[in-house]
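Reader: Please take one part of this protein and go through it closely. I would like to know how its strands are joined and what the turns between them look like.

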Amino acid sequence: MIAPKPFLKGVSHFVLLGVLFLGSGFAVDADLSASQGNSVVRGTLVCIGKESKEVPCIGKGSAWALKAANGQIYLLKSDKLAETLIEEKRLRSKDFQLTLRKSGDSDSHEIVKSQFFRDGKLYDFYYFCDVCNITIHTSGLCMCCRQETEYHEKLAE
Ligand SMILES: [Zn+2]
């Protein structure tokens, strides 16, 4: 009565592999949307404390990470790009889509591109300096002239 379901069988094998290799980096490399070793991951920002446990984002001593819907944790390198996601209130969202690149030999990931979802729509955001006529991807003063920059967002194509 039960017909073979090769497709479903394939999927369960894939999930099993993903679970077995979770944390070893295999699951990241297997990301189908990845290109040139980059992974595109949608998730929320969390803080990771000692023993790789999720902790409240207060005080120092914790690292930032992106937590994907499947629970996988992608540690983020603590740079201005990561800081911008935490500090920029105008994003009005905690639902991010980040393009990540493995940072050297460490367990953390560099942010290549930051986008966010609001009301189910994907947005790009950036800062613009009128004086220098340049686009910047981190909040704060312009890196060239130290003037205030202007926040912009637009629907991703
Ligand atoms: Zn400038």
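Author: There are three helices and nine strands in the protein. The model is a predicted one, and the part chosen here is the run of strands β5, β6 and β7.

To place that run, begin with the order of elements. Along the sequence the pattern reads α-α-β-β-β-β-α-β-β-β-β-β. Of the 157 residues in the protein, 14% are buried. Among contacts between residues at least 6 apart in sequence, 44% join residues at least 24 apart.

Strand β5 covers residues 95-102 and strand β6 covers residues 109-118. The two pair in the antiparallel sense, with seven bridges between them. One position to look for on the model is L98, whose bridge partner in β6 is S114. The connection between β5 and β6 makes the pair a hairpin, with six residues between the strands. G104 sits in that turn and has a positive phi of about 55°.

Strand β6 also pairs with β7, which spans residues 121-129. This pairing is antiparallel too, and it runs over four bridges. Here the position to find is F116, which has Y123 in β7 as its bridge partner. β6 therefore takes part in two pairings, one with β5 and one with β7, where a pairing requires at least two bridges found by DSSP.

β6 and β7 form a hairpin as well, with two residues between them. D119 belongs to this turn, in the loop between β6 and β7. Its phi is positive, about 50°, although D119 is not a glycine. Is D119 buried or exposed? D119 counts as exposed because it has 8 C-beta neighbours inside 10 Å, and the cut-off for exposed is 12 or fewer.

A residue elsewhere in the chain can be set beside D119. E51 lies in the loop between β1 (38-48) and β2 (54-55). Phi of E51 is near 55°, again a positive value in a residue other than glycine. E51 has 6 other C-beta atoms within 10 Å, so it is exposed.

To retrace the part on the model, start at L98 in β5 and cross to its partner S114 in β6. Then go along β6 to F116 and cross to Y123 in β7. The turn with G104 belongs to the hairpin of β5 and β6, and the turn with D119 belongs to the hairpin of β6 and β7.

Note on methods: Residues numbered from 1 in each chain as written. Predicted model: local features only at pLDDT ≥ 70, side-chain atom pairs only at ≥ 80, totals over all residues. Buried ≥ 20, exposed ≤ 12 C-beta atoms within 10 Å, placed from the backbone. Contact = placed C-beta atoms within 7 Å.
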